[in-house]
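Q: Give me a close look at the buried part of this protein, please. I'd like to hear what sits there, what it touches, and how the rest is arranged around it.

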Amino acid sequence: TKTRNHRPLREKELQGAGLTYEVKYFEEHPEIIEEFKLTTSPLLIVDGKLVSKGLPDHSEILDLKSRT
């Protein structure tokens, strides 16, 4: 959601890992909530698959990088 303060921190980590990403807000994309049966944010969705619920830690982001 737009009101959460963790987004800039996660974006820096994604950028630092060299991962390409797109930010989508639930407020603007309610279909994401329905598609993934979501009850929390943030989420990481990679290639249409939910890979992380809640705040991913740095090791999770590095793991994503190693799989790309």
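A: Of the 68 residues of the protein, 31% count as buried. Keep in mind that this is a predicted model, so treat what follows as a reading of that model.

Let's start with the biggest cluster. The largest nonpolar core is made of six residues: Leu14, Ala17, Leu19, Leu44, Ile61 and Leu64. Apart from it lies another core, this one of five residues, including Phe26, Ile32, Leu38 and Leu43. As background, nonpolar side chains in soluble globular proteins tend to be buried together.

Now for the layout. The secondary structure comes to three helices and two strands, and along the sequence they follow the pattern α-α-β-β-α. With a radius of gyration of 12 Å, close to the 11 Å that the globule rule gives for 68 residues, the protein is as compact as a globular protein of that length. Taken along the principal axes, the C-alpha atoms fill a box of roughly 30 × 25 × 15 Å. As for reach along the chain, take the contacts between residues at least 6 apart in sequence: 38% of them join residues at least 24 apart.

Back to the six-residue core, going through it piece by piece. Leu14, one of its members, is among the buried residues of helix 1, along with Arg10, Glu11 and Glu13. Seen down the helix axis, these buried residues fall within an arc of 160°, so they line one face of the helix. What do they pack against? Strand 1 and helix 3 (58–66) take that role. On the other side of helix 1, Lys12 and Gly16 are exposed.

Glu11 deserves a stop of its own. Glu11 belongs to helix 1, which covers residues 7–16, and its relative accessibility is 17%; the cut-off for buried is under 20%, so Glu11 counts as buried. Leaving aside neighbours within four places in sequence, Glu11 is in contact with Tyr21 and Val23.

After helix 1 comes Gly18, whose phi is positive, near 75°. Then there's Leu19, another member of the six-residue core, which is found in the loop between helix 1 and helix 2 (30–36). Leu19 is buried, with a relative accessible area of 14%. Its fellow core member Ile61 is 42 residues away in sequence, yet the two C-alpha atoms are 8.8 Å apart in space.

Leu44 brings the strands into the picture. Not counting residues up to four places away in sequence, Leu44 touches Leu14, Lys49, Leu50, Val51, Ser52, Pro56 and Leu64. Two of those names, Leu14 and Leu64, also appear in the core list. Leu44 has a bridge partner in strand 2 as well, namely Ser52.

That bridge is part of a hairpin. Strand 1 (residues 43–46) and strand 2 (residues 49–53) pair in the antiparallel sense over four bridges. Val46 has Lys49 of strand 2 as its bridge partner. The hairpin has two residues between the strands, and in it Asp47 takes a positive phi near 50°.

How about Ile45, buried or partly exposed? At 34% relative accessibility, Ile45 counts as partly exposed, and its place is in strand 1. Leaving aside neighbours within four places in sequence, Ile45 is in contact with Ile32, Phe36 and Leu50. Ile32 is one of the residues of the five-residue core. Leu50 is on the contact list of Leu44 too. Ile45 and Pro56 are eleven residues apart in sequence, and their C-alpha atoms are 12 Å apart in space.

Last, helix 3. Glu60 sits there, and with a relative accessible area of 34% this residue is partly exposed. Leaving aside neighbours within four places in sequence, Glu60 is in contact with Ser52 and Leu55. Ser52 is the strand 2 residue that bridges to Leu44. As for the other end of the chain, Glu60 and His6 are 54 residues apart in sequence and 16 Å apart in space, C-alpha to C-alpha.

And the outside? The protein exposes about 5000 Å², and carbon and sulfur atoms supply 51% of it.

Key
Residues are numbered from 1 along each chain as its sequence is written. This is a predicted model: local features need pLDDT of at least 70, side-chain atom pairs count only at pLDDT 80 or more; totals for chains, interfaces and linings use all residues. Side-chain values use heavy atoms; hydrogens and water are left out. A nonpolar core is a set of buried Ala, Val, Leu, Ile, Met, Phe, Trp, Tyr and Cys residues joined through side-chain atoms within 4.5 Å. Buried means under 20% relative accessible area, exposed over 50%, partly exposed in between (1.4 Å probe, protein chains only). Contact means heavy atoms within 4.5 Å. Two strands pair if DSSP finds at least two bridges between them. The radius of gyration is taken over C-alpha atoms; the globule rule is 2.2 Å times the number of residues to the power 0.38. Accessible areas come from the Shrake-Rupley method with a 1.4 Å probe; for residues, only the protein chains shown count as cover. The arc is that of the directions from the helix axis to the C-beta atoms.
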